[in-house]
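Reader: I would like a close look at a single part of this model, the sheet, together with whatever elsewhere in the chain helps to place it. Please take it strand by strand, and keep to what can be read from the coordinates.

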Amino acid sequence: MKKHVMTLGGAVASMMLIGSLQAAQNPQVEMHAVSADGVGESLGMVQVKESDHGLLLIPELNNLPAGGHGFHVHENASCEPGENDSGEMTPALSAGGHYDPDEAGSHEGPYGEGHLGDLPLLTVNDNGEAATPVLAPRLSVDDLDGRSLMIHEGGDNYSDDPDALGGGGSRIACGVIDLSS
């Protein structure tokens with residue numbers, strides 16, 4: 001009997017480990033409204049999955065303004081506000097800039113040679129819901145740990161012209177990516 005209990009215990013531990021590995025390989029990122037005052041209510045989740053063609057991000061979000069929104073991986077795992085160069089509190093500034101490990105220094109969209117964190121435009125329907133998956137062909141789950149996902153107020157033209165970083169403007173939603181849980 002003792003042998004069977006140990007085997008059962010080992011099986012349970014193995015199942016827990018497999019579950020943890022699957023969660024780390026397909027993380028879910030809880031997204032929150034952000035403002036200069038801090039991190040607000042949950043807006044839903046973005047599920048992340050590896051695919052043969054890159055990283056698939058599957059949003060299940062609500063309470064967002066309708067239209068297209070800039071969507072990016074940002075450098076730091078924080079959604080807290082921060083003080084900008086003008087001394088003003090700025091939503092989610094602690095997330096840093098777009099994830100750019102190769103120091104490309106340019107915003108060229110998900111299929112360009114610029115920031116690795118440039119994602120396809122996030123589309124929100126008239127009911128304030130985002131559910132259309134987007135594909136990030138140059139990213140893998142390993143790139144995400146210790147980063148954040150960001151949704152901007154405006155769209156994204158995948159260029160630094162006429163406005164820097166695609167012209168998305170203010171940060172309106174953010175989620176911290178933690179693969180250790």
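Author: What follows goes through the sheet from its overall order to its individual pairings, and then turns to the contacts and loops around it.

The model is a predicted one, and its chain has 1 helix and 11 strands. Read from the N terminus, the order of elements is α-β-β-β-β-β-β-β-β-β-β-β, and of the 181 residues in the chain, 41% count as buried.

The part you ask about is an open sheet of 7 strands, in which the pairing is antiparallel and the order is β5-β10-β11-β1-β2-β3-β9. At the edges stand β5 (71–74) and β9 (134–136), and because each of these has a single partner strand, one side of each is left without a neighbour in the sheet. From one strand to the next, the twist averages 30°. As a general point, the side chains of a regular strand alternate between the two faces of the sheet.

A convenient place to begin is the pairing of β1 with β2. Strand β1 covers residues 28–35 and strand β2 covers residues 38–51, and the two run antiparallel, joined by 7 bridges. They form a hairpin with 2 residues between them, and one of the pairings that can be named is that of S35, whose bridge partner in β2 is G38.

On from β2, the sheet continues into strand β3 (residues 54–61), which runs antiparallel to β2 and is joined to it by 8 bridges. Within this pairing, Q47 stands opposite I58 of β3.

Returning to β1, one finds that this strand also pairs with strand β11 (residues 171–177), again in the antiparallel sense, here through 2 bridges. Two partners can be given for this contact: A33 has A173 as its bridge partner in β11, while H32 has C174. Strand β11 in turn pairs with β10, antiparallel, over 6 bridges. In that pairing the bridge partner of I151 is A173, the residue that also serves as the partner of A33. How far is β11 enclosed by the rest of the structure? Of its 7 residues, 6 are buried, so the strand is largely enclosed by the rest of the structure.

Strand β10 leads to a side-chain contact, for a search of the whole structure finds 1 salt bridge, and it is formed by the side chains of R147 and E75, with an N to O distance of 3.5 Å. R147 lies in strand β10 (residues 147–152), whereas E75 lies in the loop between β5 and β6 (82–83), so the pair ties together parts that are 72 residues apart in sequence. The two partners can also be set apart by their accessibility: R147 has a relative accessible area of 17% and is buried, while E75, with a relative accessible area of 29%, is partly exposed.

At the other edge strand, β9 (134–136), the topic of internal space comes in. A search of the whole structure finds 1 cavity of 30 Å³ or more, and the space in the largest cavity is about 30 Å³. Its lining is made up of P110, L116, D118, A136, P137, R138 and L139, and these residues divide into 5 nonpolar, no polar and 2 charged.

Two loop residues complete the picture, and both concern the backbone. Most residues other than glycine have a negative phi. N63, although it is not a glycine, has a positive phi of about 60°; this residue is found in the loop between β3 and β4 (67–69), and with a relative accessible area of 55% N63 is exposed. E103 is likewise a residue other than glycine with a positive phi, in this case near 55°. Its place is the loop between β7 (89–90) and β8 (122–124), and at 70% relative accessibility E103 counts as exposed.

Key. Residues numbered from 1 in each chain as written. Predicted model: local features only at pLDDT ≥ 70, side-chain atom pairs only at ≥ 80, totals over all residues. Heavy atoms only, no water. Pairing = 2+ DSSP bridges. Helix = DSSP H or I, 4+ residues; strand = E, 2+ residues; numbered from the N terminus. Axes fitted to C-alpha atoms, helices over the stretch in contact; angles between N-to-C directions. 1 Å grid on protein atoms, 1.4 Å probe; cavity = no way out; pocket = protein on both sides within 12 Å on 5 of 7 lines; lining within 4 Å. Points joined across faces, edges and corners; volume = space filled by probe spheres on them. Nonpolar A, V, L, I, M, F, W, Y, C, P; charged D, E, K, R; others polar. Salt bridge = Lys/Arg side-chain N within 4 Å of Asp/Glu carboxyl O. Buried < 20%, exposed > 50% of the residue type's maximum accessible area, 1.4 Å probe, protein only.
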